[in-house]
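Reader: I would like to go through this model with you, one question at a time. Could you take each answer step by step and finish on the value or name I ask for?

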Amino acid sequence: MLLSEQDQFLSYNGEVLVFQLSKPEHAQEADDKTMNLCVRRMVFNRDTKLFVQKSSGVFSVRASHSKIEMVCCSCTTDSRTGIILPCILMKKKKWNNVKYFVLLLHSSNQFEQSFYFKLDYELKEDIRLFAGPSVLWRHANKLFYISSNTCVVQSAAVQLSSVVWTGEIVGEGTVVLGIRTACLPETEDADGFSVSDRAIWGSEFFGYAIEAQKMLSGTCFMPHAYGRVVSSVYICKTDRLKKQLQISLVAVTYKNQLIWFQGGVPKGVCELPYEKPCLVKTAVTSNNDLLFVVSFASGNTCVVQRRDSLQVVSKWQKVKCVLVDDFIGSGSEQLLLLFKDESNTDVLSTFRITDLGEVNYAGGINYKHDVPAAEGLQENGLLTVRALETRLQAGWTSVRELQQHLGLQKRVILESCRALIDLVEERAHILPSAKEEGLVSLWDDVENPPHCLSKETSLASEVPEHFTEELWQRVVGDSLVVGVKLTESFYLSLSDVSLSLVMDQDFSSISPIIKCQSKICKLNKAFSALTVSSSQIEPPPKKMKLDLHSRNDLRKELPKRSSRIQLDGAKTVTAVTSLSPLLAFHRVSCVVLLHARKQNHQHDSLQQSKRITVLCGKILLSLEDISNGRYSVKMLRDNSYCTGSVEDILAVLAVSVRFSFQIVSSDCTLTPVISWLLGEMECTPFKECQDNIFCHKAGNVHGTIFNWTLKNPFEGILTIFCRNLTVLFQCLHSLTTVLPPSCSVKLLRSGSKAVLTEQLALALEKEMLTFKNSLFLKETKAENSLTWGNESGKKINNPPLASLLDTEEGVQQFRKKLQNEREESVRSMNQTMNGALYQKTALKIAEAQLSSDMIVWRLS
């Protein structure tokens with residue numbers, strides 16, 4: 001069978017219908033006044049890998065000086081029976097009269113003329129066949145349609161420039177999607193954003209329901225901005241949520257893009273390999289992959305796959321037609337590509353059937369000469385692909401389960417944050433039930449609060465009513481510093497102190513806990529700054545535990561003189577956090593919480609501690625206050641002094657990093673150091689503590705704090721508090737230019753060697769006492785290890801060994817004594833310990849070892 005350019009192809013129930021117009025074989029019998037519309041049903045034979053003719057049919061049309069043409073064909077629903085049938089639109093043109101008639105093809109290959117209509121013009125733009133059967137077209141920017149039920153041409157009350165899709169939408173009937181010039185109402189309505197959008201782009205995307213004769217808002221399909229560039233649309237899924245249309249569709253544009261829209265919002269975009277895309281359709285393969293088949297005006301075709309993202313997976317050139325159906329009878333869809341081949345004019349001679357997976361058949365290949373080995377290899381390849389797909393699906397399942405677990409974890413964290421805020425503000429907090437969270441309770445829900453709440457209440461009563469003297473905040477660069485000054489009596493009873501900031505607002509999408517770094521700064525001659533943050537440099541993988549009871553040992557390092565500033569500095573705890581994330585909320589209120597361990601000294605020298613959380617107050621931070629410099633640090637010169645307040649000094653210390661250097665000169669004194677500080681570095685001492693000086697030099701080093709302590713004229717300790725390592729290197733580079741060449745500069749880890757050695761001795765002593773006391777914390781009587789166990793409870797006399805062995809009674813007594821000693825030894829080796837007591841003992845031992853290991857690392 002020879003093909004012509006006017007032949008039409010249509011897929012129907014896995015078959016390929018080929019429609020052709022031809023003259024009868026015996027032209028003299030029809031007097032050249034008859035044209036035949038022939039249809040051939042072609043099916044794919046999987047044995048021969050070729051298309052064969054299943055049946056055929058003919059419909060004769062009287063020509064009589066008329067020109068007969070096929071306009072288009074499609075599968076539409078017959079409204080009389082609800083059955084989908086092939087439908088063909090025919091045109092008969094005679095002079096200036098144009099007659100159109102619609103034919104239906106039944107399974108018996110019989111053609112039925114459904115209806116006809118006459119026009120004084122030809123149909124050329126946006127011709128569509130849809131259920132009824134019905135015909136829709138565009139002419140002079142107006143929309144016209146006719147149905148088999150009315151057989152009357154009707155005009156829709158809408159002006160449009162193009163039609164991009166026609167089909168059925170649940171609840172709306174037959175809907176036409178198109179693009180028209182923006183129609184702006186005189187007054188602003190509820191759809192204000194849509195009006196402004198239309199005014200900007202000058203065009204709008206809209207929907208028109210034919211049966212209801214009403215307009216549908218285009219924003220539920222896609223934004224108006226895309227209306228000017230869309231050339232074709234395919235609706236993949238429609239749904240209704242609270243009477244609102246939820247549409248998922250894919251569109252191709254004149255910008256050579258394929259865009260995925262969901263709920264009117266673009267969700268993905270893919271660049272197409274060719275220009276002028278004109279049609280898009282979908283296919284669902286055996287692997288449940290959704291493929292978008294895009295046809296171009298140049299005759300090219302490409303396939304876009306949607307998994308994690310949209311991407312072009314295959315493309316072909318010189319394609320005459322692309323059909324989507326189940327051609328091989330596998331239960332899923334495949335693509336049938338018919339190629340242009342001038343050398344072979346047979347029907348369906350050059351083709352390819354593929355689903356971009358295991359199905360791949362091509363016309364023109366001699367499958368009969370394939371060797372069995374090749375078939376075996378292909379079968380093994382298919383099995384391998386299926387196994388890999390199974391593993392991939394299992395991986396996706398694991399990913400989804402992990403995502404669900406992370407979502408649950410996030411909800412638990414947010415609920416814990418809300419409970420923490422309610423606890424510190426003394427509000428009742430009601431936890432959601434396990435059913436509400438989608439969980440299964442492992443125990444029966446009880447109405448009474450758990451015992452731990454009463455324990456927390458009693459613990460809170462141990463906190464003094466007035467434990468804070470002041471709550472302040474400062475802004476240093478891009479950091480927010482919050483300080484809490486504690487009373488002396490309360491501070492001395494605490495250890496492991498830190499602050500945390502919790503946003504007071506209720507944010508459902510983010511955690512209200514603010515990440516911050518806590519420090520305890522002591523204003524003294526060496527500006528000791530102890531950090532309790534996890535970001536401090538420390539020997540891995542251990543973590544430093546701040547023990548404030550060692551403050552008595554640290555005082556030995558400090559000068560004997562003291563001042564009010566030293567006491568205030570020792571009672572201040574600071575928290576540092578990044579400022580810019582908080583300013584994104586413009587105005588934020590934060591709750592300041594203090595976390596610590598409350599110490600109780602007992603007779604065995606072991607410290608029993610309880611975790612406490614105390615509400616210190618609230619701070620309010622706004623962008624307006626930051627712009628006005630309300631919380632800025634003010635370090636000014638006043639008669640050769642720096643006038644910074646205590647809070648300003650502590651804020652600078654909190655955001656700075658501390659470095660100590662030992663400088664030793666063997667040939668000359670170290671007088672150039674103080675000259676360098678006061679001269680080149682432009683430093684001035686603080687008015688409150690004159691041994692520490694502030695750098696006013698312009699540039700990166702501005703704001704650096706120095707402390708210079710001379711042990712003797714040839715040795716001193718220089719302590720630098722700077723923002724970062726760059727500033728440190730600049731200071732050291734400037735210092736080396738004024739020091740004599742014979743000077744040596746050594747970095748000190750923390751503190752002097754003498755003080756650290758003393759601290760190590762105390763730590764080792766504490767560790768030894770912890771071991772000793774832990775060995776005797778047993779649930780047995782102490783006297784068992786001190787006396788011989790006998791039933792009478794009396795101690796056995798210890799006469800000389802020789803006298804015991806002289807008599808028979810003495811030998812028996814010695815045997816009894818030896819047996820008791822053996823039994824006691826066995827009992828001492830088999831003693832047991834309660835699990836909670838063992839856990840408590842192990843924790844004490846670990847804390848003692850951690851403290852001594854930390855000091856050893858600082859000494860190394």
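**Helix, cores and contacts**

Author: In this predicted model, helix H11 (residues 671-678) has Val673, Trp676 and Leu677 as buried residues.

Reader: Within what arc do the buried residues of H11 fall, seen down its axis?

Author: The buried residues of helix H11 are Val673, Trp676 and Leu677. They line one face of the helix, because the arc within which they fall, seen down the axis of H11, is 95°.

Reader: What covers the buried residues of H11?

Author: The cover includes a helix as well as strands, and the helix is H12 (725-736). Among the strands in the cover are E39 (683-685), E40 (692-695) and E41 (705-712).

Reader: Which residues of the largest nonpolar core touch the most other members?

Author: The largest nonpolar core holds 30 residues. Strands E30 (479-486), E31 (494-503), E35 (572-578), E36 (587-601) and E37 (607-622) each supply at least two residues of this core. In general, nonpolar side chains tend to be buried together in soluble globular proteins. Here the members that touch the most others are Leu480, Leu486, Leu494, Val592, Leu594 and Leu621.

Reader: How many residues are in the second, separate core?

Author: Among the members of this second core are Ile663, Val673, Val701 and Leu735. Val673 is also one of the buried residues of helix H11. The second core, separate from the other, has 24 residues.

**Aromatic rings and charges**

Reader: Is the pair of Phe44 and Tyr361 stacked, tilted or edge-to-face?

Author: A search of the whole structure finds 15 aromatic pairs. For Phe44 and Tyr361 the ring centres are 5.3 Å apart and the planes stand at 50°. Since stacked needs an angle under 30 degrees and edge-to-face one over 60, the pair is tilted.

Reader: How many residues apart in sequence are the parts that this pair of Phe44 and Tyr361 ties together?

Author: Phe44 is buried at a relative accessible area of 9%, and Tyr361 is buried at 15%. Phe44 belongs to strand E3 (residues 34-45) and Tyr361 to strand E28 (residues 360-362), so the parts that the pair ties together are separated in sequence by 317 residues.

Reader: Over which ring does the charged end of Arg306 sit?

Author: The charged end of Lys99 sits over the ring of Tyr116, at 4.5 Å from its centre. For Arg306, the charged end is 4.1 Å from the centre of the ring over which it sits, and that ring belongs to Trp260.

**Cysteines**

Reader: How many disulfides does the count come to?

Author: Cys72 is in no disulfide, and the nearest cysteine sulfur, that of Cys73, is 7.0 Å away. Cys321 is likewise in no disulfide, with the sulfur of Cys73 as the nearest cysteine sulfur at 8.4 Å. As a disulfide requires sulfur atoms within 2.5 Å, neither distance qualifies, and the count for the structure comes to zero.

**Long-range neighbours and backbone**

Reader: What is the C-alpha separation of Ser231 and Ile179?

Author: Ser231 lies in strand E17 (residues 230-241) and counts as buried at 15% relative accessibility. Leaving aside its neighbours within four places in sequence, Ser231 is in contact with Val164, Val252, Thr253, Tyr254, Pro277 and Cys278. Ile179 is 52 residues from Ser231 along the chain, and their C-alpha atoms are separated by 9.7 Å.

Reader: Is Asn45 buried, partly exposed or exposed?

Author: Asn45 lies in strand E3, and its C-alpha is 7.9 Å from that of Ile328, although the two are 283 residues apart in sequence. With buried set at under 20% and exposed at over 50%, the relative accessibility of 26% makes Asn45 partly exposed.

Reader: What is the omega of the cis peptide bond between Gly132 and Pro133?

Author: Most residues other than glycine have a negative phi, and most peptide bonds are trans. Pro133 is located in the loop between strand E9 (125-130) and strand E10 (134-139). The bond that joins Gly132 and Pro133 is cis, with an omega of about -5°.

Reader: What is the phi of Asn13?

Author: Asn13 is in the loop between strand E1 (8-12) and strand E2 (15-22), and it counts as exposed at 63% relative accessibility. Although Asn13 is not a glycine, its phi is positive, at about 55°.

Note on methods. Residues are numbered from 1 along each chain as its sequence is written. This is a predicted model: local features need pLDDT of at least 70, side-chain atom pairs count only at pLDDT 80 or more; totals for chains, interfaces and linings use all residues. Side-chain values use heavy atoms; hydrogens and water are left out. Rings of Phe, Tyr and Trp (its six-membered ring) pair if their centres lie within 6.5 Å; planes under 30 degrees apart count as stacked, over 60 as edge-to-face and the rest as tilted. Helices (H or I, at least four residues) and strands (E, at least two) are DSSP runs, numbered from the N terminus. Buried means under 20% relative accessible area, exposed over 50%, partly exposed in between (1.4 Å probe, protein chains only). A charge sits over a ring if NZ of Lys or CZ of Arg is within 6 Å of the ring centre and within 35 degrees of the ring normal. The arc is that of the directions from the helix axis to the C-beta atoms. Contact means heavy atoms within 4.5 Å. A nonpolar core is a set of buried Ala, Val, Leu, Ile, Met, Phe, Trp, Tyr and Cys residues joined through side-chain atoms within 4.5 Å.
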